[in-house]
Amino acid sequence: MKIFVAGATGVIGRLLLPILVKEGHEVFGMTHNKASKSIIQGMGATPVVVNVFDQDAVIAAFRKVRPEVVIHQLTSLRNYNLEDNARIRTVGTRNLVDASQAVGVRRMIAQSISWAYEPGNYPATEEVSLDLKAPEPRKTTIDGVVALEKTVSEMKEYVILRYGMLYGPSTWYEQYGMVAEKVRNQEMKATHGIMSFLHVEDAARATSAALEWPNGPVNIVDDEPVPGTVWLPVYASLIGAPEPNVQAGSIRGERGASNAKVRRDYGWEPIFPNWSDGFKGSLGSSNYIKK
């Protein structure tokens, strides 16, 4: 198929493009940065330089490429700017869907998150409502997710991938990533809140598999939702950080998510089924040697 990947040089895009190329698809990688063209070409795809906030430019690019599938992997998380990321989810998604419909794109696959569900006492399934009553600052994130998912669902064929918290190369959780630095500085406390993790390689594999999945949202997480009092001390030890302090309770939305649907109905299995082995493997690899 002819596939257009928006966010081609992000943490998932860099793993996804080679998979799609290897599978025989004709892949176009979108970036707003001209300097990233060589990276996309190096992965075997054709670079398309366009700003997702320029609707006319996005439509023009789609008219030129005429893709059959659009994969939406755009985020703005490098500096943890919730407002910028929400804008991509609202305005950026709107422009991608409008451009897709203008040229007859058949299917869209979009990145969402699995920690946007309303509070609860068990890992959320896809039937659980999103956290529509969330207070700020969480409300900004939830509003963006709701807008993204609602807009994407206007497509005739669509899959919304609610990823777990990503770890692995180039994520916040790598050896010298943002979370690692906070843990070293003891700025993060171990709470009883539940987290569902996902290795970026599993995220990329699921995205490719979703080319054949039915419409709707699906949780893409590992098999073991885990409380912060369990995972954070293990993570701290792996990166050589001090033992984290414990804080009772949890943050709103920390309930984890269930991958029962994707395993049972779609036959998907993570390469890294549990966060513990995934952390140990990732943090011991050459990807995490500080330059």
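**Figure 1. Strand S2 lies between two parallel partners, S1 and S3.** Two strands count as paired if DSSP finds at least two bridges between them, and the elements themselves are DSSP runs numbered from the N terminus: helices are H or I runs of at least four residues, strands E runs of at least two. Please keep in mind that this is a predicted model, in which local features need pLDDT of at least 70 and side-chain atom pairs count only at pLDDT 80 or more, while totals for chains, interfaces and linings use all residues. Residues are numbered from 1 along each chain as its sequence is written, and side-chain values use heavy atoms, leaving out hydrogens and water.

S1 (residues 2-6) runs parallel to S2 and is joined to it by 5 bridges; here you can find valine 5 with its bridge partner, glycine 29 of S2. Toward S3 (residues 46-49), S2 again runs parallel, this time with 4 bridges, and phenylalanine 28 stands opposite threonine 46. Helix H1 (residues 13-22) completes a right-handed β-α-β unit with S1 and S2, where right-handed means that, with the strands pointing away from the viewer, the path from the first strand over the helix to the second runs clockwise. Helix H2 (residues 37-42) likewise makes a right-handed β-α-β unit with S2 and S3. Because 5 of the 6 residues of S2 (residues 26-31) are buried, the strand is largely enclosed by the rest of the structure. Buried stands for under 20% relative accessible area, exposed for over 50% and partly exposed for anything in between, using a 1.4 Å probe and protein chains only.

**Figure 2. Strand S6 pairs with both S5 and S10.** S6 is mostly covered, with 6 of its 7 residues buried. Its pairing with S5 (residues 107-113) is parallel and spans 7 bridges; alanine 110 and isoleucine 160 of S6 stand opposite each other. Follow the chain from S5 through helix H5 (residues 138-152) to S6 and you trace a right-handed β-α-β crossover. With S10, S6 forms 5 bridges, also in the parallel sense, and valine 159 has glycine 216 of S10 as its bridge partner.

**Figure 3. Helix H3 has a buried side and an exposed one.** Val58, Ile59, Ala61, Phe62 and Val65 are the buried residues of this helix (residues 55-65). Down the axis of H3 they fall within an arc of 160°, so they line one face; the arc is that of the directions from the helix axis to the C-beta atoms. Asp56 and Lys64 are exposed on the face turned away from the buried side. The cover over the buried residues includes S1, S2, S3, S4 and helix H4 (82-103), with contact meaning heavy atoms within 4.5 Å. Just after H3 comes arginine 66, whose phi is positive, near 55°.

**Figure 4. The largest nonpolar core holds 31 residues.** Such a core is a set of buried Ala, Val, Leu, Ile, Met, Phe, Trp, Tyr and Cys residues joined through side-chain atoms within 4.5 Å. Val5, Leu161, Trp213 and Ile220 touch the most other members of this one. At least two residues each come from S1, H1, S4 (69-72), S6 (157-163), H7, S10 (216-220) and helix H9 (260-266). H7 gives the largest share, 4 residues. A second, separate core has 27 residues, including Phe28 and Met108. H7 (residues 200-209) is itself largely enclosed by the rest of the structure, because 7 of its 10 residues are buried; among them are Val200, Ala203 and Ala206.

**Figure 5. The whole structure contains 14 aromatic pairs, and two of them are shown here.** The rings of phenylalanine 4 and phenylalanine 62 have centres 4.6 Å apart and planes at 55°, so this pair is tilted. Rings of Phe, Tyr and Trp (its six-membered ring) pair if their centres lie within 6.5 Å; planes under 30 degrees apart are stacked, over 60 edge-to-face, and the rest tilted. Phenylalanine 4 belongs to S1 and phenylalanine 62 to H3, so the pair ties together parts 58 residues apart in sequence. For phenylalanine 197 and tryptophan 231, the ring centres are 5.0 Å apart and the planes at 80°, so that pair is edge-to-face. Phenylalanine 197 lies in S9 (residues 197-199) and tryptophan 231 in helix H8 (residues 228-238), so parts 34 residues apart in sequence are tied together. Both rings also belong to one aromatic cluster, together with Tyr167, Tyr173, Tyr235, Trp275 and Phe279.
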